[in-house]
Protein chains: 2
Amino acid sequence: MGRYVFGVDVGGTTVKMGLFDVEGNLLDKWEIPTRTENGGEKILPDIAESITAKMAGKKISKEEVEGVGLGAPGPIDAAGTVYGAVNLGWGTFSISDTLSGLVGMKVKAGNDANVAALGEMWKGGGRGCRNMVAVTLGTGVGGGIIVNGGILTGACGAGGEIGHIHVEDNETEVCGCGNTGCLEEYASATGVVRLARRMLQASDEPSVLREKPEDRISAKSVFDAVKEGDALAVKIAGQFGEYLGKGLAVIACVVNPELFVIGGGVSKAGEVLFDYIRPHFERTVFKGCKDAKFALATLGNDAGIYGAAKLVLE
Amino acid sequence: MGRYVFGVDVGGTTVKMGLFDVEGNLLDKWEIPTRTENGGEKILPDIAESITAKMAGKKISKEEVEGVGLGAPGPIDAAGTVYGAVNLGWGTFSISDTLSGLVGMKVKAGNDANVAALGEMWKGGGRGCRNMVAVTLGTGVGGGIIVNGGILTGACGAGGEIGHIHVEDNETEVCGCGNTGCLEEYASATGVVRLARRMLQASDEPSVLREKPEDRISAKSVFDAVKEGDALAVKIAGQFGEYLGKGLAVIACVVNPELFVIGGGVSKAGEVLFDYIRPHFERTVFKGCKDAKFALATLGNDAGIYGAAKLVLE
């Protein structure tokens with residue numbers, strides 16, 4: 001086994017890259033721009049060039065590198081084939097074969113949310129777990145499911161798409177996915193703002209949230225108000241927690257995790273989130289699955305590079 | 001590798017047993033009673049004795065047997081430890097170690113619903129699949145989830161407990177698990193009868209279902225009436241299909257299966273079930289998971305012994 005491993009997290013604007021030792025210590029971290037033009041044809045060559053330059057700079061030979069792991073936004077199967085990644089301009093092709101051909105080393109690839117979950121299991125909030133669910137409450141709601149220490153990829157790389165669990169029949173606004181009533185419409189950062197806007201419009205109840213223009217309200221301002229004891233904000237958090245707690249209870253019945261690791265921008269509110277999620281989780285979950293714990297993600301934006309590196313070492 | 005493998009399916013009244021060759025051909029099948037008295041202490045010795053007698057009768061040596069697989073009703077982890085099985089009188093102990101000590105051969109054990117799912121994947125309605133969900137619509141609703149060809153056991157053997165997904169907030173009748181609004185309350189055989197009873201009481205709409213006493217209505221009579229075009233029965237099937245279709249859509253977002261295999265008593269109605277499940281599935285499922293197919297289980301009560309045998313061969 002080599003001494004080093006690279007972890008690569010491809011985003012729509014930047015590619016995050018990390019050099020790790022095989023114990024998972026991050027030795028170096030850097031970024032390059034994501035060039036999405038012409039079907040994203042430059043993305044993998046740019047990554048290969050950057051890795052090769054890094055190895056030259058540090059006098060690391062190929063024999064010393066275990067391989068390169070990569071996470072990208074899109075359905076990617078266990079063999080490393082991506083089935084279209086809209087944000088990158090990519091169609092269907094084998095990431096593993098293409099990048100491996102460019103760098104001359106073993107390459108593994110996976111969906112970015114799944115890979116980030118693996119990172120949190122390896123070195124983050126899920127350390128020591130073999131069965132966990134990572135939930136990312138960002139612009140959308142992403143998920144990654146770890147079963148027996150490995151990513152649940154599913155039949156076509158769409159395992160863990162928990163943001164699109166249908167949770168509300170009476171929704172008229174359309175989710176980014178084209179459906180209505182997805183968990184993401186209530187539990188993402190934009191979802192919390194949606195709930196806040198509706199709650200503010202539904203009554204004249206006083207709230208610190210009325211002190212700023214409605215278009216300035218964010219998930220952060222809602223949870224800041226919750227911490228100040230603002231009654232209306234507490235109601236908004238209650239709705240958020242009911243949708244998310246019931247959603248996670250369903251997930252628990254399906255995959256029976258030890259732990260939910262909650263990350264993404266909304267999670268910056270901290271453990272106060274759990275006060276709103278847990279009651280609904282506990283009320284609706286099957287008893288045999290009720291011992292699942294909740295923890296905050298700890299790796300932030302680095303979860304992707306950690307998980308990508310771990311992908312190679314599995 | 002040996003030439004033979006035993007599959008054992010422990011039920012509350014009988015233990016089903018099968019002798020297979022390692023290609024999965026069922027060579028012999030028999031049953032013994034399940035003696036649940038005294039904490040079910042005789043169950044494994046009875047099984048061991050029956051296997052030993054069968055081997056003697058057929059002049060099969062231990063060297064020719066790959067091992068014994070066993071499915072039982074209760075949470076059983078990947079190492080073969082059961083955490084209490086109420087119907088059998090069992091507490092917590094290692095089935096694998098105990099039975100292996102009695103028969104002198106390798107033993108693997110798993111939850112009966114999960115093991116039956118493995119059987120359907122190996123030789124039944126899910127043949128050729130690596131990612132599937134088996135749904136058993138019987139007295140309750142059971143589930144077994146296959147990921148990459150193996151059982152999703154979960155943290156404590158409660159993976160695939162899909163009957164207890166919370167699907168209805170406005171339910172007052174309590175499920176067997178102690179919660180209210182579980183999928184099982186609407187999609188099991190007794191669940192279909194519950195929906196029928198409520199629908200019949202809610203109006204005076206004529207229906208062939210009114211021709212027999214209410215306590216004689218069964219899931220079978222409801223779906224027989226559906227096939228005759230009875231409008232009220234069609235509405236009942238519609239409610240059943242909405243609960244189940246939406247529930248399976250959620251499961252698809254979590255584990256992204258290729259296939260749902262539907263078994264159990266209710267599934268005897270045949271593919272007409274899919275006409276009621278599919279529209280709600282397709283309406284609410286994430287697009288990336290929408291290609292999941294539906295098939296009927298084909299092994300019936302033998303799914304458990306097939307899956308138990310396969311457990312040994314994994």
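A residue counts as buried when its relative accessible area is under 20%. By this criterion, strand S2 of chain A, residues 14–21, is mostly covered in the predicted model. Six of its eight residues are buried.

S2(A) has a partner on the N-terminal side in strand S1 of chain A, residues 4–10. The two strands run antiparallel and are joined by seven bridges. Within this pairing, A:Val8 lies opposite A:Met17 of S2(A). The connection from S1(A) to S2(A) is a hairpin of three residues.

S2(A) also pairs with strand S3 of chain A, residues 26–33. This pairing is again antiparallel, with seven bridges. Here A:Gly18 faces A:Lys29 of S3(A). A second hairpin links the strands, with four residues between S2(A) and S3(A). In its turn, A:Gly24 adopts a positive phi of about 95°. In a regular strand, side chains alternate between the two faces of the sheet.

Further along chain A, strand S7 covers residues 107–111. Four of its five residues are buried, so S7(A) is largely enclosed by the rest of the structure. Strand S4 of chain A, residues 65–72, runs parallel to S7(A). Five bridges join the two. A:Val68 stands opposite A:Val107 in S7(A).

A:Thr81 belongs to strand S5 of chain A, residues 81–85. Its relative accessibility is 17%, so A:Thr81 counts as buried. Leaving aside residues up to four places away in sequence, A:Thr81 touches A:Pro75 and A:Ile76. The list of contacts also includes A:Thr92, A:Phe93, A:Ser94 and A:Ile95. A:Asp112 is 31 residues from A:Thr81 in sequence. The C-alpha atoms of A:Thr81 and A:Asp112 are 13 Å apart.

In chain B, five strands form an open sheet with mixed pairing. Their order is S10-S9-S8-S11-S12. S10(B), residues 150–151, and S12(B), residues 293–296, are the edge strands, each pairing on one side only. S10(B) is joined to strand S9 of chain B, residues 141–147, by two bridges in an antiparallel arrangement. B:Ile146 has B:Ile151 of S10(B) as its bridge partner. Helix H8 of chain B, residues 231–255, packs on this sheet. H8(B) touches S8, S9, S11 and S12 of chain B. The directions of H8(B) and S8(B) make an angle of about 155°.

H8(B) also packs against another helix. Two packed helices are described by the angle between their axes and the distance between the axes. The axes of H8(B) and helix H9 of chain B, residues 272–284, come within 7 Å. They cross at roughly 45°. That angle makes H8(B) oblique to H9(B). The crossing is right-handed. The residues of H8(B) that take part include B:Val234, B:Phe240, B:Leu244, B:Leu248 and B:Ala252. Glycines also contribute from H8(B), among them B:Gly238, B:Gly241 and B:Gly245. From H9(B), the residues involved include B:Leu273, B:Tyr276, B:Ile277, B:His280 and B:Phe281.

The relation between the chains was examined last. Two copies of a chain are related by a rotation about an axis and a shift along it. Chain B superposes on chain A after a rotation of 180° with 0.0 Å of shift along the axis, at an RMSD of 0.0 Å. This is the relation of a two-fold axis. Of the interface residues of chain B, 100% are also interface residues in chain A, so the copies meet through the same surface.

Notes. Residues numbered from 1 in each chain as written. Chains lettered and ligands numbered in written order. Predicted model: local features only at pLDDT ≥ 70, side-chain atom pairs only at ≥ 80, totals over all residues. Heavy atoms only, no water. Buried < 20%, exposed > 50% of the residue type's maximum accessible area, 1.4 Å probe, protein only. Pairing = 2+ DSSP bridges. Contact = heavy atoms within 4.5 Å. Axes fitted to C-alpha atoms, helices over the stretch in contact; angles between N-to-C directions. Least-squares fit on C-alpha atoms with pLDDT ≥ 70 in both. Parallel < 35°, antiparallel > 145°, perpendicular 65-115°, else oblique. Left-handed = near helix turned anticlockwise from the far one by under 90°.
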